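What follows is a short walk through one protein model. Please look at the sequence and the structure before reading on.

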Amino acid sequence: MKLLRLFHLVLLICVPLAHAQERPEMAKYGAAYAGPELLWVYVAHNKADDHAVVKLQGINHPLDGRTFWAEIRYHPGHPERISYIVRKNGAEKAIFFVNDNTGALYLPNWRGQERAEIRLVYSRDESLHVQPEHLLTDHERQSGKRE
């Protein structure tokens, strides 16, 4: 009986540790891009620099406040160009593109357009407040990976 209790204790200790290891390590700094009206796009890369959390905020659209786990694609010979790709139902869609200090958000069904391209500009001041770990936590909550 004592052996069974010890087994359960070890199991209780190990399961949370295994779950904690699934959480990707995030880069130290993030970025913020300002768009029209109150629109902000926040980006936080993981430490491996192959994925990022992208969060939309301040837009009258069903995706307001949503976060996305996106694959990062750099363009050969142009390290300042970055595409953020989301997979849905087996298909890939670029949701955000950065070229140096400007960006483009691709938003479905916005202002009568099937797929609108919204221009954004990098904001150094707002980027100083981006906390990659907090963006990851937001994403985990939305995707049901965290309570």
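Tyr 42 is a convenient place to begin in this predicted model: in the neighbouring strand β3, Lys 55 stands opposite Tyr 42. Tyr 42 lies in strand β2, residues 40–45, and six bridges join β2 to β3 in an antiparallel arrangement. Between these two strands the hairpin has five residues, and there Asp 49 takes a positive phi near 60°.

Strand β3 also pairs with strand β4, residues 67–75; the two run antiparallel and are joined by five bridges. Here Ala 52 has Ala 70 in β4 as its bridge partner. Because five of the seven residues of β3 (residues 51–57) are buried, the strand is largely enclosed by the rest of the structure.

The next topic is charged side chains. Side chains of opposite charge can pair when their charged atoms come close. The model has 10 salt bridges. One of them joins Arg 23 and Glu 133, at 2.8 Å from N to O. This pair links distant parts of the chain, 110 residues apart: Arg 23 is in the loop between α1 and β1, and Glu 133 is in helix α3. Arg 23 is partly exposed, because its relative accessibility is 23%. Glu 133, at 36%, also counts as partly exposed.

Back in β4, Arg 73 forms a salt bridge with Glu 71 (3.1 Å, N to O). Arg 73 also forms a salt bridge with Glu 92, with the closest N and O atoms 2.7 Å apart. The latter pair links strand β6, which holds Glu 92, to strand β4, 19 residues apart. Glu 92 is partly exposed at 39% relative accessibility. Through shared partners, salt bridges join Glu 71, Arg 73, Arg 87 and Glu 92 into one network.

Methods
Residues numbered from 1 in each chain as written. Predicted model: local features only at pLDDT ≥ 70, side-chain atom pairs only at ≥ 80, totals over all residues. Heavy atoms only, no water. Buried < 20%, exposed > 50% of the residue type's maximum accessible area, 1.4 Å probe, protein only. Helix = DSSP H or I, 4+ residues; strand = E, 2+ residues; numbered from the N terminus. Pairing = 2+ DSSP bridges. Salt bridge = Lys/Arg side-chain N within 4 Å of Asp/Glu carboxyl O.
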